[in-house]
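Hi everyone, thanks for coming. Let's walk through a structure together, and please stop me whenever something is unclear.

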Amino acid sequence: MDRHDVLSVSEVARRSGYAASALRFYEDQGLIEAGRSAGGRRSYERSVLRRLAFIRAASNVGLTLAEIREELAQLPSNRTPTKADWQRISRHWRGRLDERIAALERLRDGLDSCIGCGCLSLQRCAFSNPADIAGTVAAGAAYLPGELRRPHRVR
Ligand code: FES
């Protein structure tokens, strides 16, 4: 393997924008794999940069670590993924993204209307959520898609 195809931890951290600790975390989660350089130091194949870019993009559109792992698990672990490999993920992921886009559109279009959150602060709430009946349906904004009501990690 050409030495340009093997990157050190610091090279991957610099190029991917992830801290070395994050790389270790993703290794522990089984999302990326490190090898050992001739000198025994942890190193990565250059193709790890695409996986890390995918992880960041997927996280930013709200995919969970489990969902990201499921997608990346479709990639071969014994060779550099090809375009066809990534196309397979893209096809599988397309449905998930369409769901997300639809949910975000609902949010964009619904924010000036009652979302069934219990605040009863909009005139519209009197019609859409009298006496907060939405509270009997679900916690949070009951009228928003489930996709947008998923529990998330509070930092
Ligand atoms: S917007 Fe909150 S209850 Fe209607």
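Which domains does the domain assignment give for the protein chain? Before I answer, keep in mind that this is a predicted model. The assignment gives domain 1, residues 3-91, and domain 2, residues 95-148. Their C-alpha centres are 36 Å apart. Where the two domains are in contact, domain 1 supplies five residues and domain 2 supplies four.

Now let's look at the inside. The largest nonpolar core has 24 residues, and the ones that touch the most other members are Leu 23, Leu 52 and Ile 55. Helices giving two or more residues to this core are α1 (9-16), α2 (20-28), α3, α4 (65-72) and α5 (83-110). The largest share, six residues, is from α3. As a bit of background, in soluble globular proteins nonpolar side chains tend to be buried together.

Let's zoom in on Leu 52. Setting aside neighbours within four places in sequence, Leu 52 has contacts that include Val 12, Leu 23, Tyr 26 and Ile 32.

Next, my favourite residue of the day, Arg 51. Arg 51 sits in helix α3, which covers residues 48-60. How far away is the nearest side chain of opposite charge? That side chain is Glu 33, 6.4 Å away, and Arg 51 is buried with no salt bridge. What does the side chain of Arg 51 reach, then? The backbone oxygen of Leu 31, at 3.1 Å. Not counting residues up to four places away in sequence, Arg 51 also touches Ile 32, Leu 72, Leu 75, Pro 76 and Trp 86, among others.

That's my tour. Questions are very welcome!

Note on methods:
Residues numbered from 1 in each chain as written. Predicted model: local features only at pLDDT ≥ 70, side-chain atom pairs only at ≥ 80, totals over all residues. Heavy atoms only, no water. Helix = DSSP H or I, 4+ residues; strand = E, 2+ residues; numbered from the N terminus. Buried < 20%, exposed > 50% of the residue type's maximum accessible area, 1.4 Å probe, protein only. Lys, Arg positive; Asp, Glu negative; His and termini not counted. Salt bridge = Lys/Arg side-chain N within 4 Å of Asp/Glu carboxyl O. Polar contact = N/O pair within 3.5 Å; in protein donor to acceptor, adjacent residues only side chain to side chain. Contact = heavy atoms within 4.5 Å. Core = buried A, V, L, I, M, F, W, Y, C linked by side-chain atoms within 4.5 Å. Domains from an automatic or database assignment.
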